Amino acid sequence: MARVLEIALKSDYDELGRICISVNEFLESHELSPRVLYGVNLALEEILTNIFKYGYDDECKDHDISVRLEVEGPGVSVQIVDDGNSFDLEKAPEPDLSIPISERTIGGLGIHLVRNMLDTINYQRVDDKNIIELSIKGEAACSGKD
Amino acid sequence: MELTVVQSSDAYTHLALAGRLDVAGEQAVGTEFAAYAGAGKSLIVDLSQVSFLASLGIRMLFQGAKTLFAGGAKMVLLNPQPLVEEILQTAGLTELMPITHDEGEAQTIAKG
């Protein structure tokens, strides 16, 4: 059973449906916890929409983005590479929770959710490309021994 | 993503969402949901059949809750699945859209 899934996509919201189907077919072919499945879906949804929305100064939907998933034991690592504007996910500001809730906007919420559910997030800028690597560990299967 | 009306009373409207509340899900039900929030009557929103919720879906719910709050009404979220509830708790917005697993409590909150 393949432990790696590589997907090439364009910078277009319409790609998300196809990505979602491919990713979940791949993930569900492995014995992963619901939390790991949710975390990978969340990371892809939030980071790809962030790239589509803020990554490019033009309106072109033809920029190349690559996604690579690798099942590592009970967890999954995710790599997303795009040629958009530099955006260091690690340094993105947290939502300001001190603002009265009725006046609050929710900018930055997606990244906040990803930070909280995923275990590691790394960012590099190499050759004018953003390389985001994330991982969610999952729980090892019970061995039946104390 | 589907939105259905479970019950409508003088005090509140009880809605149910089902499916993935992601970008496509928000596009499918966002306008209709905003219309229910804009009507000014408190909402009970059953999330038990929502399998996935991301920031765009939270934004949809939160904008509705803010609209209702401004008009003196309320929104209460009913029976989210565990991972959806974890996301809602992480978002830190439950003061304005409280979560309950008790329909009677949801009705009490909605009636204000």
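Helix axes here are lines fitted to C-alpha atoms over the stretch in contact, and the angle between two of them runs from 0 to 180 degrees between N-to-C directions. Keep that in mind for the first stop, and remember throughout that you are looking at a predicted model.

**Stop 1: a helix pair across the two chains.** Select H3 of chain A, residues 109-117, and then H3 of chain B, residues 82-91. Their axes sit 10 Å apart, and the packing angle is about 120°. Angles from 65 to 115 degrees count as roughly perpendicular and those over 145 as roughly antiparallel, so H3(A) and H3(B) come out as oblique to each other. Turn the view until one helix lies over the other: H3(A) passes H3(B) in a right-handed crossing.

**Stop 2: a helix pair inside chain A.** Now pick H1 of chain A, residues 15-28, together with H2 of chain A, residues 34-54. The axes of these two come within 11 Å, crossing at roughly 155°. With the cut-off for roughly antiparallel at over 145 degrees, H1(A) and H2(A) are therefore roughly antiparallel. The crossing of H1(A) past H2(A) is right-handed.

**Stop 3: the largest pocket.** Stay with H2(A), and show A:Asn50, A:Lys53 and A:Tyr54 along with B:Ser55 and B:Arg59; these are the lining residues nearest the centre of the largest pocket. Its volume is about 440 Å³, and 21 residues line it. Which helix gives the most to this lining? That is H2(A), with 6 residues. H3(A) and H2 of chain B (55-70) each supply at least two residues as well. Colour the lining by class and you should find 11 nonpolar, 6 polar and 4 charged residues.

**Stop 4: the second largest pocket.** This one has a volume of about 260 Å³. To find its centre, select A:Leu16, A:Gly17, A:Cys20, A:Glu45 and B:Asp22, the closest of the 15 residues that line it. Here H1(A) gives the most, with 5 residues, while H2(A) and H1 of chain B (23-38) each add at least two. By class, the lining splits into 8 nonpolar, 3 polar and 4 charged residues.

**Stop 5: the annotated span of chain B.** Finish by selecting residues 2-110 of chain B, which an unreviewed UniProt entry annotates as "domain: STAS". Helix makes up 46% of the span and strand 32%. Put a distance label between the C-alpha atoms at its two ends, and it should read 22 Å.

Methods: Residues numbered from 1 in each chain as written. Chains lettered and ligands numbered in written order. Predicted model: local features only at pLDDT ≥ 70, side-chain atom pairs only at ≥ 80, totals over all residues. Heavy atoms only, no water. 1 Å grid on protein atoms, 1.4 Å probe; cavity = no way out; pocket = protein on both sides within 12 Å on 5 of 7 lines; lining within 4 Å. Points joined across faces, edges and corners; volume = space filled by probe spheres on them. Helix = DSSP H or I, 4+ residues; strand = E, 2+ residues; numbered from the N terminus. Nonpolar A, V, L, I, M, F, W, Y, C, P; charged D, E, K, R; others polar. UniProt positions renumbered as here; feature names shortened; annotations may be inferred. Parallel < 35°, antiparallel > 145°, perpendicular 65-115°, else oblique. Left-handed = near helix turned anticlockwise from the far one by under 90°.
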